[in-house]
Amino acid sequence: MKLLRALDRWLTKGETALLVLFLGAMLVLAFAQVVLRNAFNSGLLWGDTVVRHMVLWVGFLGAAVATSGDGHIGIDALTKFISPRVKAGVRVLTNLFAVVVCWYLAQGSYGFLTSEAEAGSTFVLDVPVWVGALVVPVGYLLIAFHFLVRVLESFLVASGRQAPPATDVRVH
Amino acid sequence: MPTFLVGALLALLAFLGAPLFTIIGAVAMLAFGAAGYEPSLVAAELYRIAINPTLVAIPLFTFAGYLLAESKAPVRLVNLARAVFGWIPGGLAVVALLTCALFTAFTGASGVTIVALGALLFPMLLQESYPERFSLGVITTSGSLGLLFPPSLPLILYAITSQTSIDRLFAGAFLPGLLLVALLAGYGIWVGRRARVPRTPFRVQAAAAAMRSAVWEIPIPVIVLGGIYSGFFTATEAAAVTAFYVFVVQVFVTRDLKLFTDVPRVMRDSMLLVGAIFMIIGSAMGLTNYLIDEEVPAKLFAWVSQFISSPLVFLVVLNLFLIVVGMMMDVFSAIFVVVPLIIPIARQYGIDDTHLAVIFLANLEIGYLTPPVGLNLFISSLRFERPLLDVVRATLPFIVILLAALMIITYVPDLSLWLVRVLGVQ
């Protein structure tokens, strides 16, 4: 468990670093495109496509980081009114379900990737589509892993081996 | 397993708090499987929507909003608004409504407004001897006010989901948004007069000083609103310019935020929200296409039309339904799950797409305040350390006003359509 938690933290740090890098690059590139288009009536041919793929990367990396902080959107109508330990028990169930779904989503998107690789389609210059979409299966796998660590943590709380977290009203 | 059992199980998981994107994803994959398609098609749909040009606006606007919220811009904007509107009776209440609406438009009613601005405005309101219950109500209500103003994230997401023009939505939602603010401001002025809140006389010098200190923030609404409404920028271009401008101003000009410590933190915080939204988009798109292929909206309409024949009655039922949706779901999930189903039905009743969008979002705005699960109630209760019931009681008069506004919005379609016609946006 200790090892898993360390890996979880370490991965989150890596994801955050990549996220910052991509968002920063996207910010500059998107602005440069507007300036080029409006002031010079030109623009980088590959610019818009690259920006859109960066959004894909930023979105998936953000979702991975959000998973470590229980930041996903869900209906929390009922769970607001139950005791922390029962809630942790419920979390074991819901997060386990999330692990399974993300695993299948990763599998499905890997299938998409391989079919694109076989088709040999390219999204920009000579870069194949599968490179741009690589973040989809990898992202789902990372999210599945973070959910798995949440399952184990909730299990520890539910079985009374660990104190429940202090507050959990989510503010994005 | 029979279909209804699977459905019941998934619904149970959803109500127990399973992340909504996993529920939608599971439904999409099961539906694709049952129809004999490859599950990789879900990913193909995701990839197709991910490279939608309008989507670029979401991370950029959200980042800009979070940067503003983390800098000292809220203090400067509140000071400016006070110097300009402080002489009105109930002026500070009006200031609170206006500044909160502006921030919510950027950050999408996700709690940031109450946390960033409420903490600033709530003590100010108490200090100016507004009744405590009223002050709590204003701040809680303001947390979702502004949903109808550009560049509100729910508006952008609605446009993407419904595949309608974002410019049309921006134009259509503006006047209804103003109506909500105006009615609430009227109530604020009335309370301010009754509580004999001291009025600060208007002083040119003070106003000029406040304007000078906020001189870098004043152009932001001009870039966003002016750029979009004049047609000079697309929503995506406005997002790129706004995000870059706010970044440069807050980091290099006012130096409120440090490049290597604050900026990465704000980037991370803002992209958590974007990531959470993105996951829902990812699974919802596959599901939506499946539902449309299976003609589910048409079947729903056939069923509904047995009971309802008049558009007026349909709108009443729609409002009741949407308020319940708003009580259970947050605005983002509701958009992806509910919008694809109700749009084809509303069209059958002859309701304009833009009008429907405004009704939808106004309802969800109220849903943020309705017990038992309105998000704003919980954030306020936690942030200001007041019992949940006190917060509920404090927001009741505001809910009544918002419901009245909703009636006007619903039954005066021209409020939503007039500006669209005048600006001639497509």
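**Close-ups of a predicted model**

**View 1. B:Glu217 and B:Arg76 pair up through their side chains in a salt bridge, at 2.7 Å from N to O.** This is a predicted model, so keep that in mind for every view here. B:Glu217 sits in the loop between α11 and α12 of chain B, while B:Arg76 belongs to helix α5 (residues 73-85) of chain B, so the salt bridge ties together parts that are 141 residues apart in sequence. Buried or exposed: which fits B:Glu217 and B:Arg76? Both of them are buried.

**View 2. B:Arg76 also forms a salt bridge with B:Asp256, at 2.9 Å from N to O.** Here the link runs between distant parts of the chain: B:Asp256 is in the loop between α13 (235-253) and α14 (262-293) of chain B, and B:Arg76, in helix α5 of chain B, is 180 residues away. B:Asp256 and B:Arg76 are both buried.

**View 3. Over in chain A, the side chains of A:Asp48 and A:Arg37 meet in a salt bridge, 3.3 Å from N to O.** The pair ties together parts 11 residues apart in sequence, because A:Asp48 lies in helix α2 (residues 47-68) of chain A and A:Arg37 in helix α1 (residues 2-40) of chain A. With a relative accessible area of 31%, A:Asp48 is partly exposed; A:Arg37, at 32%, is partly exposed too. Counting over all chains, the structure has 16 salt bridges.

**View 4. B:Trp216 helps make a nonpolar surface patch of about 590 Å².** The other members of the patch are B:Val215, B:Phe252, B:Val253, B:Leu259 and B:Phe260. You'll find B:Trp216 in the loop between α11 (204-213) and α12 (219-229) of chain B. Its relative accessibility is 39%, so B:Trp216 counts as partly exposed.

**View 5. B:Leu361 sits in helix α18 (residues 353-367) of chain B.** This leucine counts as buried because its relative accessibility is 0%. Which residues does B:Leu361 touch, leaving aside neighbours within four places in sequence? Its contacts are B:Leu147, B:Leu148, B:Pro154, B:Leu155, B:Val331 and B:Ile335. Take B:Leu147: C-alpha to C-alpha, B:Leu361 is 7.1 Å from that residue in space, though the two are 214 residues apart in sequence.

**View 6. B:Asn319 has its place in helix α16 (residues 311-328) of chain B.** At 6% relative accessibility, B:Asn319 counts as buried. Skip the neighbours within four places in sequence, and B:Asn319 is in contact with B:Ile359, B:Asn363, B:Leu406 and B:Thr410.

Definitions and conventions: Residues numbered from 1 in each chain as written. Chains lettered and ligands numbered in written order. Predicted model: local features only at pLDDT ≥ 70, side-chain atom pairs only at ≥ 80, totals over all residues. Heavy atoms only, no water. Patch = residues over 30% accessible without salt bridge, like charges linked within 9 Å, V, L, I, M, F, W, Y side chains within 5 Å. Areas by Shrake-Rupley, 256 points an atom, 1.4 Å probe, with all protein chains shown as cover. Salt bridge = Lys/Arg side-chain N within 4 Å of Asp/Glu carboxyl O. Helix = DSSP H or I, 4+ residues; strand = E, 2+ residues; numbered from the N terminus. Buried < 20%, exposed > 50% of the residue type's maximum accessible area, 1.4 Å probe, protein only. Contact = heavy atoms within 4.5 Å.
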